[in-house]
Amino acid sequence: MLRLTPRRRAVLADKVPDVTNIIAGALVIGFLVGEPRAPGTLLLAVLALWGAVLVFALMIAEDRT
């Protein structure tokens, strides 16, 4: 696991979901609006990765005292 101070762990746990939401939103909008259609499996992979990163953020946020 990462060796972070409690303050850095809190900042990372706070910002990772924000960045993930921006990236996932951009990909979903690009999928829906884009001229050449991307395969549906790509959209599912992006959503699965989004969920995995959110779980990672929760693991970081967990207090290990």
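A nonpolar surface patch joins nonpolar side chains (Val, Leu, Ile, Met, Phe, Trp, Tyr) within 5 Å, taken from residues that have over 30% relative accessible area and no salt bridge. In the structure above, which is a predicted model, V19, I23 and L27 make a patch of this kind, with an area of about 260 Å². The protein chain has 65 residues, of which 14% count as buried, and its secondary structure comes to 2 helices and 0 strands. The points below begin with the whole chain, then take each helix in turn, and end with the places where residues of the two helices are in contact and with the surface.

**The chain as a whole**

- The protein chain exposes about 5100 Å², and carbon and sulfur atoms supply 69% of that area.
- By the rule used for salt bridges, the count for this model comes to 1.

**Helix 1**

- Helix 1 covers residues 6-33, and with its 28 residues it reaches 41 Å from the first C-alpha to the last, which is close to the 40 Å expected at 1.5 Å a residue.
- The buried residues in helix 1 are A13, V16, P17, T20, A24 and F31, and what covers them includes helix 2.
- T20, which lies in helix 1, has a relative accessibility of 10% and therefore counts as buried, since the word is used for values under 20%.
- L27 is also found in helix 1, but with a relative accessible area of 42% L27 is partly exposed, a description used for values between the 20% limit for buried and the 50% limit for exposed.

**Helix 2**

- Helix 2 runs over residues 40-61, and its 22 residues reach 32 Å from the first C-alpha to the last, close to the 32 Å expected at 1.5 Å a residue.
- Within helix 2, the residues V46, A57 and I60 are buried. They cover an arc of only 60° around the axis, so they are on the same side of helix 2.
- The other side of helix 2 carries T41, L44, A48 and L58, which are exposed.
- What covers the buried residues of helix 2 includes helix 1, just as helix 2 is part of what covers the buried residues of helix 1.

**Two residues of helix 2 with opposite surroundings**

- A57, found in helix 2, is buried, with a relative accessible area of 3%, and, when residues up to four places away in sequence are not counted, A57 touches A13, V16 and P17.
- The three residues that A57 touches in this way are listed among the buried residues of helix 1.
- Although A57 and R9 are 48 residues apart along the chain, their C-alpha atoms are separated by 9.4 Å.
- L58, which also lies in helix 2, has a relative accessibility of 62% and so counts as exposed, the limit for that word being over 50%.
- The C-alpha atoms of L58 and D14 are separated by 9.5 Å, while the two residues are 44 places apart along the chain.

**Contacts around T20 and V53**

- Once its neighbours within four places in sequence are left aside, T20 is in contact with W50 and V53.
- V53 lies in helix 2 and is partly exposed, with a relative accessible area of 23%, a value that is not under the 20% needed to count as buried.
- V53 touches V16 as well as T20, again not counting residues up to four places away in sequence.
- The C-alpha atoms of V53 and V19 are separated by 9.9 Å, although these residues are 34 places apart along the chain, and V19 is one of the residues that make the nonpolar surface patch.

**The salt bridge and the patch at the surface**

- D14 forms a salt bridge with K15, and the closest N and O atoms of the pair are 3.6 Å apart, a distance that falls within the 4 Å limit for a salt bridge.
- Both partners are partly exposed, because D14 has a relative accessible area of 42% and K15 has a relative accessibility of 45%.
- L27 can belong to the nonpolar patch with V19 and I23 because its relative accessible area of 42% is over the 30% that a patch residue needs.

Conventions:
Residues numbered from 1 in each chain as written. Predicted model: local features only at pLDDT ≥ 70, side-chain atom pairs only at ≥ 80, totals over all residues. Heavy atoms only, no water. Helix = DSSP H or I, 4+ residues; strand = E, 2+ residues; numbered from the N terminus. Expected span 1.5 Å × (residues − 1). Buried < 20%, exposed > 50% of the residue type's maximum accessible area, 1.4 Å probe, protein only. Arc of directions from axis to C-beta. Contact = heavy atoms within 4.5 Å. Patch = residues over 30% accessible without salt bridge, like charges linked within 9 Å, V, L, I, M, F, W, Y side chains within 5 Å. Areas by Shrake-Rupley, 256 points an atom, 1.4 Å probe, with all protein chains shown as cover. Salt bridge = Lys/Arg side-chain N within 4 Å of Asp/Glu carboxyl O.
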